Structure formats: structure tokens, C-alpha cells
Amino acid sequence: MAVSKHILSLSEDLTCSICQSLFVEPVRLDCDHNFCKSCIQKCWGKQRQAVSCPECQQLLPRRGFTSNRVLANLCEKTRKLELKLEEEHGEKEQSLCEEHGEKLILFCEDDEILICAKCVDSPPHSDHKFIPMQKVVQKYKDQLKLSLDSMEKEKKNQSEFKQQQQREISELEQLTGSLEQDISTHFAKIHRYLEDKEKHLIEELRRQKEEDLQPMEKNLRRIKEELTSLEGKIANLCVDIEQQDSVSFLKELKRLRESYLDKGEDEEDSDGSIIFNRSDDEEDEYRFEDSDSDKSDVFKLNEEIVVFPRQKYAGFQGLFLYPVWKAIKRIIFPAPDSLTLDPNTVHRDFVLSDGQTCVKFKNSRFPINSERFDECRCVLGSEGFKSGKHYWEVEVSGTYAVGVARESAKRKGKLTLNPNEGYWSVGWRNHKCGANEQYFVPLTTNVTLRTIGVFLDYEGGQVIFYNADDMSVLYNFTDRFSEELFPFLCPQSRGMGDGALKLRHFEP
């Protein structure tokens, strides 16, 4: 116990007056007071001009200090000694009062420290509240147990959140994996079609080329043969012309005339035409009309060049991709449906036109029946869906709602357009485009919608709306369907002209 008091006294002598802890890198000022290096630097950092000692307030001639190695070594030894004593006598020292050496039996709630019986009457603890040690231990253990229970509950909640998040991640992985496979399957089908179409077009082009090339190559061979023959005759004639022996030349004159001059000269037809036969197989006709004839002079040469029929290749030029594009629409799934409207459901303020695809504002004489909307201006499609994937487009204007409705949805009286009532729709009202959920959900679109695409995935439980001009998604409803669903149109004000809403049909 005496050793502990000595170390405590020594620690007080080695304590920095600024941080109240053992010196760390102690330095000595010109006034011989010592401080931690970081403490004095921080203290002086606030003084802009002259500096002074924080302890004696003496003004110092210079802003400087010197390291105190002796004091630093002494502080280090004291720290080690304190650590060693704590290890050797930790439990014993903790159970006895350092001031009185008595057993610690009470807890001072004001200072939150353990004290002995003699400390109760000491000045530092006057008017303080004391609790027996065992009682305070139980009190705070109970409080900590409550915190522990709260932390256990939080841990359980976090574990549930973790599992939920992992399930979400797993579902995302499954969904994106399925979508990726679906995308690849659809594009593979288009790729195969395009590759087959490309192969077919190239094969057809090559077949047509071979068909037209054969007579052209045959004619080219004939021309080459005639050219070779003519070149031989020219060479022979040149030899005969250049012959210097007049006797020999005249002896060959008959042959030369028969070969080069007289052939075909006397062969005149009845109308004065002269024909030069080029070969036994083909003729080039040179016709000279008599000058007294009332016809103008004509020179006609039979074609020796075989020209391929260029019009046959028009199908491989220009819009050759257009029929390919039209054919692709037939292999897209789901292909856009060409739907019609059901006259038995249309409100009496409307008439149907354009093959029952367009609903227009005009008072009609439709008979009252159980299927017809009587107060809300609506109409259903003629065809309903109980399964599969379907897509159609609606040209819109004015104030409207479009979407799908289940067969049993209310049609009489005022309607509430939301999924709970059997209507999944988007629309335009109050100068805003939005989805008709339990409340009107404005959509973040910056363009005026002209055509809305509606995609229904019955088994997948989805109704997705698109801006059909750029196929950007407007809104996605997710639900479970158990009965037949019908296209649903609800024009509420006149749009462009008298045609409020119209189902778009696509060319096959």
C-alpha cells in the first residue's frame, strides 16, 4: 500500500499541468517549467504575438523550448512501474480504498465511484447519495440486461432484414437470369430469321447471276473466236498486199477477190438491200434504202452484245429490307394485336366507327342492357384474355383512361378506377398523366402522349404501359389475375376532332 502511495505521489510530480497526464515528449521552457510538447504547441498556437508560460504566466523572450530527456525517461519508467503494480495488485487494490485502506462497500451515485465507510463523512462526498455495492450492481445489471434484450431484439430484426435482403437479391438474380434467357431466346429467333433470309437472298442473287451470266459468257467466247479468226485473216491479207512480185500477186488475184472483195457483193434482194453474211449461224444486217425511196435512209446493226435484264435485280436493291422488316413483325412475340370494341358495352354518349376500332362522342341509340356502362363513359374490347401475353396500342387525346378491366368489374353507376375495383389503367387528367392506383400517381413523362401501348402478361401478373412512340415504360402494375381481362377505354372529353380514342391496327 505504501509503494502505491509513493508511485501516486511520483505520478503527480510528473504530470503536465495542461493535460493532467504523465508527460509525453516533455519540453522545458526558459522559465524551467515543463509541459508535453503537443500541449505547449497547442497552447501557444492560440497566441498571435508574445508567448508566456501557461503555469507562471512569465513572458518569454522567444517562442521556443528544449527537450527534457531526463524527465522523459523518468516518465517512461513510471508508466512501466504503474502497469506492473496494476498487474500484481490489481484485484487487491481495486477492492480497497486508496485513501483509507478500507474495504470498498458503497457506491457514490454522484461521483459514480466505489468508496469505503470512512469516505462517507469526508468533504469530497458530503451531501452525496450512497448505495450498497451489491444493490447498485444488481440495479445496473438489470439496466444492462434491458439493453441486452433490446439489442437481442434489434439483432433478430437485423437478421430478418438480412434474410429479406438476401431473398430480394436471390429473386433479382432469378428474375434477371430468366429475363436474360428470354431476351436471348427472342433475339436468337430474330437472328436465325435474318441469317436465313440473308442466305436465301444471296443464293437467289447468285442463281439469277448464273442464269444471266451463261448466255453472256457464251457470246463472249463467240466474239473472242471471231476476233481470233479476223486477226488471222488480217495478218494473211497484209502479207498478200505487201507482196512485191507483181506476177505472183496477179496469179493470186482471183483468190484474193473471192476471199476479200467479191463475197456477197452481188447478193441483192428485191428491195435493193445488200446483205453481208458474217457467219453461217448469225447475220449482221446492213440495209441501204434506195435514194428514190420515200423512206429515210436506215442503218441497222443486229446486237452482238448480250445485255442482262437489269429489272430482274430491282428486288435486291432499294427497299429489299422492307419486306424483311414486315416479316419480322410476324415472328415477334407477343405480336401486336388488332382488336375491336364491343358495341354491347359502349356508353350511350358514344358511337363506334372505323370497323369498331374508334370511339367517338355522339349520342347513340344503343339499347340498355346489363353489359353497357351507363354513367361512366367507357367501352370494353370485344376480345378478352384468360392466359398468355398480349400487346395492343391506343391512340389517345383529350382526357382519358386506358388499360384493362376484369369481366366482373362494376359497370353501372359511378366507377372508381383502381385495381381493387378491377381496373388497371393510366390516363390524363388535370393536365397530368398518371396511373390510377389507390390514388392518382403522376408519371414522370415530359412529352404529350399520342399513342399508349398496353402489355398484359396474364400468368406473370403484370400490366405494363408504354409510350408507344419510343417504347419507354410509363408504369407497371403487378397483381394476380383469376378471371378474364378485357381492353378498357374511357374517353372523358373530346380530343382532336371527334375521335377520342382509337385502337391501332397493324398491317400483317
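This dialogue walks through sheets and salt bridges in a predicted model.

Trainee: What holds the strands of a sheet together, in general?

Mentor: Backbone hydrogen bonds pair them, either parallel or antiparallel. Now take the case here. Three strands form an open sheet, ordered β2-β1-β3, with antiparallel pairing.

Trainee: Which are the edge strands there?

Mentor: β2 (34–36) and β3 (66–67), since each pairs on one side only. Look next at β1, residues 26–28. β1 and β2 are joined antiparallel over three bridges. For a register mark, use Pro-26, which stands opposite Cys-36 in β2.

Trainee: Which helix packs on this sheet, and which strands does the helix touch?

Mentor: Helix α2, residues 37–44, touching β1 and β2. The direction of α2 makes about 90° with that of β2.

Trainee: In what order do the strands of the six-stranded sheet run?

Mentor: The order is β9-β18-β11-β12-β13-β14. That sheet is open too, and its pairing is antiparallel. Its edge strands are β9 (379–380) and β14 (440–442).

Trainee: How many bridges join β11 and β18?

Mentor: Seven, in the antiparallel sense. β11 covers residues 400–406 and β18 covers 485–491. Here Gly-403 stands opposite Phe-488 in β18.

Trainee: On to side chains. How many salt bridges does the structure hold?

Mentor: The count is 15. A pair qualifies when a side-chain nitrogen of Lys or Arg lies within 4 Å of a carboxyl oxygen of Asp or Glu. Glu-109 and Lys-139 qualify, with their closest N and O atoms 3.0 Å apart.

Trainee: Where in the chain do Glu-109 and Lys-139 lie?

Mentor: In distant parts, 30 residues apart. Glu-109 sits in the loop between β4 (106–108) and β5 (113–115), while Lys-139 is in helix α4, residues 133–241. Glu-109 is partly exposed at 22% relative accessibility. Lys-139 is partly exposed as well, at 36%.

Trainee: What separation along the chain do Lys-145 and Asp-149 show?

Mentor: Four residues, about one turn of helix α4, where both lie. Their closest N and O atoms are 3.7 Å apart. Lys-145 is partly exposed at 49%, and Asp-149 is partly exposed at 32%.

Trainee: And Glu-226 with Arg-222: what is the N to O distance?

Mentor: It is 2.8 Å. These two also lie in helix α4, four residues apart.

Trainee: Is Arg-222 buried or exposed?

Mentor: Buried, because its relative accessibility is 16% and the cut-off for buried is under 20%. Glu-226, at 28%, is partly exposed. Elsewhere, shared partners join Glu-204, Arg-207, Glu-211 and Lys-312 into one salt-bridge network.

Notes. Residues are numbered from 1 along each chain as its sequence is written. This is a predicted model: local features need pLDDT of at least 70, side-chain atom pairs count only at pLDDT 80 or more; totals for chains, interfaces and linings use all residues. Side-chain values use heavy atoms; hydrogens and water are left out. Two strands pair if DSSP finds at least two bridges between them. Contact means heavy atoms within 4.5 Å. Axes are lines fitted to C-alpha atoms, for helices over the stretch in contact, and angles run from 0 to 180 degrees between N-to-C directions. Buried means under 20% relative accessible area, exposed over 50%, partly exposed in between (1.4 Å probe, protein chains only).
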